[in-house]
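Subject: Handover of a structure and notes on its contents

Dear colleague,

Please find the structure below, with its sequence. My notes on what was found in it follow.

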Amino acid sequence: EFSREELIKSVSEQMPAMRWQHTQGVMQTAVKLAEKYGADPAKAERAAILHDVAKYWPVKKMEAMIRDNGLSQDLLLYDKALWHAEVGAFVAKQDYGVEDQEILDAIRYHTSGRTSMTLLDKVVCLADYIEPGRDFPGVNNIRELANHSLEEGLVAGFDSTISLLVSRRQIIFPMTVLARNDLIKQLE
Ligand code: DGI
Ligand code: FE
Ligand code: FE
Ligand code: FE
């Protein structure tokens with residue numbers, strides 16, 4: 001298994017400077033959220049370092065990896081923007097020796113979300129929405145909600161993504177809708 005420093009070196013070399021800056025923001029934010037909400041900060045940071053490792057892979061390479069390694073075939077029917085999360089979790093295990101299922105799941109579900117998200121899933125997914133470099137309509141509201149509740153923050157995050165997809169008449173991955181519904185139920 002890679003040390004923290006080895007992971008940082010290898011992952012940072014695989015992406016443009018802007019994306020590495022985003023990743024560093026997710027690392028810091030994930031550690032803070034983990035400390036606040038009682039998740040393991042070291043695991044949160046490891047998942048954050050790796051969460052976008054496959055973001056710049058060629059689409060064909062991601063497609064082949066999902067097809068040939070028994071990953072979620074369903075994803076191939078939806079937006080390519082979802083694929084790097086599934087591929088990233090596979091790469092984390094195969095190439096970086098990550099065995100911890102909680103970390104692998106947090107990477108895998110960081111984009112789509114899922115029902116019954118674990119504490120670590122929530123921390124990494126929300127950190128990805130609100131890291132300091134993010135700038136999209138509503139991000140400050142999500143940051144504010146994140147100070148009080150992981151679930152409230154995530155519902156607002158998924159709502160913003162779903163609204164964006166609807167406004168563009170894009171297909172929505174059903175698991176994102178299920179994730180959002182499940183979080184609302186958790187808040188009732
Ligand atoms: O990789 P990042 O840019 O840091 O962020 P991300 O992993 O959350 O990627 C999200 C992109 O995926 C975002 O721009 C919206 C797009 N997307 C397309 N279809 C869906 C989707 N995101 C979700 N959650 N659900 C979808 O159905
Ligand atoms: Fe991502
Ligand atoms: Fe990201
Ligand atoms: Fe407040």
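I begin with a helix and its surroundings. The buried residues of α6 are covered by elements that include α3 (41-50), α5 (83-94) and α7. The residues of α6 that count as buried are I103, A106, I107 and R108.

Please note that this is a predicted model. The mean pLDDT of the protein is 98, and 100% of its residues reach 70 or more. For the complex, the predictor reports an ipTM of 0.96 together with a pTM of 0.98.

The nonpolar core

The largest nonpolar core comprises 47 residues, and those with the most contacts inside it are A30, A47, V123, V124 and L126. Helix α7 (residues 119-130) supplies the largest share of this core, with 8 residues. In soluble globular proteins, nonpolar side chains tend to be buried together. V124 may serve as an example: apart from residues up to four places away in sequence, V124 touches A30, A44, A47, A48, H51, A106 and H110.

The annotated domain

The UniProt record, an unreviewed entry, places the feature "domain: HD" at residues 19-133. This span is 62% helix and 0% strand, and its end C-alpha atoms lie 10 Å apart.

The ligand shell

Ligand 1 is surrounded by 16 residues, of which the closest are D79, A81, T111, F173 and T176. By type, the shell around ligand 1 divides into 7 nonpolar, 5 polar and 4 charged residues.

Two buried residues

F158 belongs to helix α9. F158 is classed as buried because 21 other C-beta atoms lie within 10 Å, where 20 or more are required. Once neighbours within four places in sequence are left aside, the contacts of F158 are G113, T176, A179 and R180. One of these, T176, is also among the residues closest to ligand 1. In addition, F158 and S112 are 46 residues apart along the chain, while their C-alpha atoms are separated by 8.8 Å.

V53, by contrast, is placed in the loop between α3 and α4 (59-68). V53 has 24 C-beta neighbours inside 10 Å and therefore counts as buried. Its contacts, again without neighbours within four places in sequence, are V11, Q14, G88, V91 and A92. From V53 to S3 the separation is 50 residues in sequence and 16 Å in space, taken C-alpha to C-alpha.

Two residues with positive phi

Most residues other than glycine have a negative phi. Which phi value does S116 have? The phi of S116 is near 50°, a positive value in a residue other than glycine. S116 is located in the loop between α6 (101-108) and α7. S116 counts as exposed because it has 10 C-beta neighbours inside 10 Å, and the limit for that class is 12 or fewer.

R169 is likewise not a glycine, yet has a positive phi of about 55°. The loop that holds R169 runs between α9 (150-167) and α10 (174-187). Is R169 buried or exposed? With 6 other C-beta atoms within 10 Å, R169 is exposed.

For your own inspection, the places I would list are the core contacts of V124, the shell around ligand 1, and the positive phi values of S116 and R169.

With kind regards

Definitions and conventions. Residues are numbered from 1 along each chain as its sequence is written. Chains are lettered from A and ligands numbered from 1 in the order in which they are written. This is a predicted model: local features need pLDDT of at least 70, side-chain atom pairs count only at pLDDT 80 or more; totals for chains, interfaces and linings use all residues. UniProt positions are given in the numbering used here, feature names are shortened, and annotations may be inferred rather than shown by experiment. Helices (H or I, at least four residues) and strands (E, at least two) are DSSP runs, numbered from the N terminus. A nonpolar core is a set of buried Ala, Val, Leu, Ile, Met, Phe, Trp, Tyr and Cys residues joined through C-beta atoms within 7 Å. Two residues are in contact if their C-beta atoms, placed from the backbone, lie within 7 Å. A residue is near a molecule or strand if its C-beta atom, placed from the backbone, lies within 6 Å of it. Ala, Val, Leu, Ile, Met, Phe, Trp, Tyr, Cys and Pro count as nonpolar, Asp, Glu, Lys and Arg as charged, and the others, Gly among them, as polar. pLDDT is the predictor's confidence in each residue, from 0 to 100.
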